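These are my notes from going through one model. I wrote down each item as I looked it up.

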Amino acid sequence: MGINLVKGQKVDMGLSRVKVGLGWDPQNSGSVDFDLDASVFMLNASKKIPREEFFVYYNNLTSPDGSLQHGGDNLSGQGEGDDEVINLDMDKVDNQVQEIIFVVSIHEAVMRKQNFGQVRNSFIRICDEATNEEICKYELGEDFSIETCIEFGRLYKRNNQWRFEGLGTGFNGGLQELVDKYT
């Protein structure tokens, strides 16, 4: 069993190939289903994506350097375990990428009148891709009653070593707010 992180806690990775699992349980309070989407921003030292292809999501499943593979969109969040999975080979990450931000947003949140206050059991976990052994897990414990997009965690490079940090930072402008922030 891996380390259960608290917000802001950091852990050294020590692996080159990891699986990032993101999960959540929406509370269906009406006739409209929740569709949460995992996205990844691969950032340079200026905290910007070097070019558009370094934003990986359901319409761009592979980073341009081939290091990151998004497993595709889960439209309902139903079932146990990881709802969306991202595989990452850190040895292939482009040298200009210094930080990798993992985000989950609610698709059409404003139109559907949905927010993360209606979502429970949200987490991000890092596993050894070869053994599926969980290295660390960060569970969102806060009430995000107006937020429609959350930065779950980040991998960042310090002294040529990758570290993971649980973030839990919410935004109410949806995914577009982060696209604007990182482009």
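Over the ring of which residue does the charged end of Lys-137 sit? I find it over Phe-123, 4.5 Å from the centre of the ring. I note here that the model is predicted. I also looked up Arg-154, whose charged end sits over the ring of Tyr-156, 4.0 Å from the ring centre.

Entry on the sheet. I traced an open sheet of 6 strands with antiparallel pairing, in the order S2-S12-S11-S8-S4-S5. S2 (10–12) and S5 are the edge strands; each has a single partner strand, so one side of each lacks a neighbour in the sheet. I then checked the S2 edge, where 3 bridges join S2 to S12 and the two strands run antiparallel. Val-11 has Phe-164 of S12 as its bridge partner.

Entry on Phe-164. I listed the contacts of Phe-164, leaving out neighbours within four places in sequence. Val-11 is on that list too, along with residues including Leu-5, Met-13, Ile-124, Ile-126, Cys-136 and Leu-155. Arg-154, the residue whose charged end sits over Tyr-156, is also in contact with Phe-164.

Entry on the core. The largest nonpolar core has 51 residues. I looked for the members that touch the most other members and got Leu-22, Phe-41, Ile-100, Leu-155 and Phe-164. As background, nonpolar side chains tend to be buried together in soluble globular proteins.

Entry on aromatic pairs. I count 4 aromatic pairs in the structure. In one of them, the ring centres of Phe-41 and Phe-55 are 4.6 Å apart with the planes at 15 degrees, so I logged the pair as stacked. The pair links distant parts of the chain, since Phe-41 is in strand S4 and Phe-55 in strand S5, 14 residues apart. Phe-41 is buried, at 0% relative accessible area. Phe-55 also counts as buried, at 11%. Tyr-57 and Tyr-58 make an edge-to-face pair, 5.4 Å centre to centre with 75 degrees between the planes. Tyr-57 is partly exposed at 22% relative accessible area, and Tyr-58 is partly exposed at 32%. Ring pairs link Phe-41, Phe-55, Tyr-57, Tyr-58 and Tyr-182 into a cluster.

Entry on helix H2. Tyr-182 led me to H2 (residues 174–182), where the buried residues are Gly-174, Leu-175, Leu-178, Val-179 and Tyr-182. I asked what covers the buried residues of H2. The cover includes strands S4 (36–43), S5 (55–56), S8 (99–106), S11 (149–158) and S12 (161–171).

Entry on Ser-67. Is Ser-67 buried or exposed? Ser-67 has a relative accessible area of 2%, which means I enter it as buried. Ser-67 lies in the loop between S5 and strand S6 (68–70). Setting aside residues up to four places away in sequence, I find Ser-67 touching Met-42, Asn-87, Leu-88, Asp-89, Lys-92 and Val-93.

Entry on cysteines. I searched the whole structure for disulfides and found 0. Why does Cys-127 have no bond to the closest cysteine sulfur? That sulfur belongs to Cys-136 and is 8.6 Å from the sulfur of Cys-127, too far for a bond. For the check, sulfur atoms have to be within 2.5 Å to count as a disulfide. Cys-127 is buried, at 0% relative accessibility. I entered Cys-149 as buried with a value of 0%.

Notes. Residues numbered from 1 in each chain as written. Predicted model: local features only at pLDDT ≥ 70, side-chain atom pairs only at ≥ 80, totals over all residues. Heavy atoms only, no water. Core = buried A, V, L, I, M, F, W, Y, C linked by side-chain atoms within 4.5 Å. Buried < 20%, exposed > 50% of the residue type's maximum accessible area, 1.4 Å probe, protein only. Contact = heavy atoms within 4.5 Å. Helix = DSSP H or I, 4+ residues; strand = E, 2+ residues; numbered from the N terminus. Phe/Tyr/Trp six-rings, centres within 6.5 Å; stacked < 30°, edge-to-face > 60°. Lys NZ or Arg CZ within 6 Å of the ring centre and 35° of its normal. Pairing = 2+ DSSP bridges.
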